[in-house]
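Subject: A structure for you to look at

Hi,

Here's the structure I promised to pass on. Have a look at it first, then read my notes underneath.

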Amino acid sequence: MVPVNGVRLIDRMICQLRQSGIRRIIVVVGYEGDRLRNYLANRYQDMDMQFVDNPIFDTTNNIYSLWLANEWMRLDDTLLLESDLVIDIDMLRDLIESPAENAALVSPYETWNDGTMVTMDADNNITSFIPKKNFHKEDCPKYYKTVNIYKFSRKFLTDSYLPSINAYMEAKGRNDYYEQVLCEMTASGQISLKGISALGHRWYEIDTVEDLAVAERIVD
């Protein structure tokens, strides 16, 4: 709900999804969930907007929020987006139009990047996920930052990813990131995930007040 140059993050993303041909949007809500639900339901009556509640958002992480939407994700191919991003719409279109059934938007490493990195082979297949704790500065030239936007096929979600998430949570709990499961599946060869480069496009992840100030300088 934070405005960036006068446009709320959620409005910017939903409008870009609508312009890209998406009509069904599943929103997992937690903190101030009723406020967000009422705002979106009134504003986007032309969209098929569905809401999933995470009542324990303050003691779980995004792996659990994702799992709560699993029944919807079993119905169709899915775009997975996090809510703290500003991006160029062409990045979404590149991902949607990619022939790869399962793909992630990635961006060549820059010094402001934080969080999960990936490595890719010559054919843009993601070969490994690098969590923050395993980041090595000397390897920066081969790193790509995950933009935290993914495209997953229904088959992959139903047959592989969602069962793996459920098993992971049963073994290790619900306070982790869904990317950790992708990390393990990539390492064991259970997934073929293409990296779609965001090189040349503007995007930013907003986690702090300082990030917001930077984002307002680089996006419209």
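Below is what I found, going through the helices and then the strands. Keep in mind that this is a predicted model.

Let's start with helix α2, residues 33-43. Its buried residues are G33, L36 and L40. Looking down the axis of α2, you'd see them fall within an arc of 70°, so they line one face of the helix. That fits a handy rule: an α-helix has 3.6 residues a turn, so residues three or four places apart point the same way. On the face of α2 turned away from that buried side you'll find the exposed residues D34 and N42.

Helix α5 (residues 89-97) is another one to try this on, with I89, M91, L92 and L95 buried. These cover an arc of only 155° around the axis, which puts them on the same side of α5.

Now, how do two of the helices sit against each other? Helix α1 (residues 9-19) packs with α2 at an angle of about 40°, and their axes are 12 Å apart. That angle makes α1 oblique to α2. The crossing of α1 and α2 is right-handed.

α2 also turns up in a β-α-β unit: together with strands β3 and β4 it makes a right-handed one. Strand β3 covers residues 24-29 and β4 covers residues 48-53; the two pair in the parallel sense, over 6 bridges. If you want a spot to find them by, R24 stands opposite D48 in β4.

Next up is strand β10, residues 144-152. Is β10 enclosed or open? Of its 9 residues, 8 are buried, so β10 is largely enclosed by the rest of the structure. Here are some strands it pairs with:

- β5 (residues 78-81) runs antiparallel to β10, joined by 4 bridges, and T78 stands opposite F152.
- β7 pairs with β10 in the antiparallel sense over 5 bridges, with V106 opposite T146.
- β8 (residues 117-120) is also antiparallel to β10, joined by 2 bridges, and V118 stands opposite Y144.

One last residue: where is E101? You'll find E101 in the loop between α5 and β7 (103-108). E101 is exposed, with a relative accessible area of 56%; the cut-off for calling a residue exposed is over 50%. From E101 to K145 it's 44 residues in sequence and 20 Å in space, C-alpha to C-alpha.

Give me a shout if anything is unclear.

Cheers

Definitions and conventions. Residues are numbered from 1 along each chain as its sequence is written. This is a predicted model: local features need pLDDT of at least 70, side-chain atom pairs count only at pLDDT 80 or more; totals for chains, interfaces and linings use all residues. Side-chain values use heavy atoms; hydrogens and water are left out. Buried means under 20% relative accessible area, exposed over 50%, partly exposed in between (1.4 Å probe, protein chains only). The arc is that of the directions from the helix axis to the C-beta atoms. Two strands pair if DSSP finds at least two bridges between them. A crossover is right-handed if, with the strands pointing away from the viewer, the path from the first strand over the helix to the second runs clockwise. Axes are lines fitted to C-alpha atoms, for helices over the stretch in contact, and angles run from 0 to 180 degrees between N-to-C directions. Angles under 35 degrees count as roughly parallel, over 145 as roughly antiparallel, 65 to 115 as roughly perpendicular and the rest as oblique. A crossing is left-handed if the near helix is turned anticlockwise from the far one by less than a right angle, and right-handed if clockwise.
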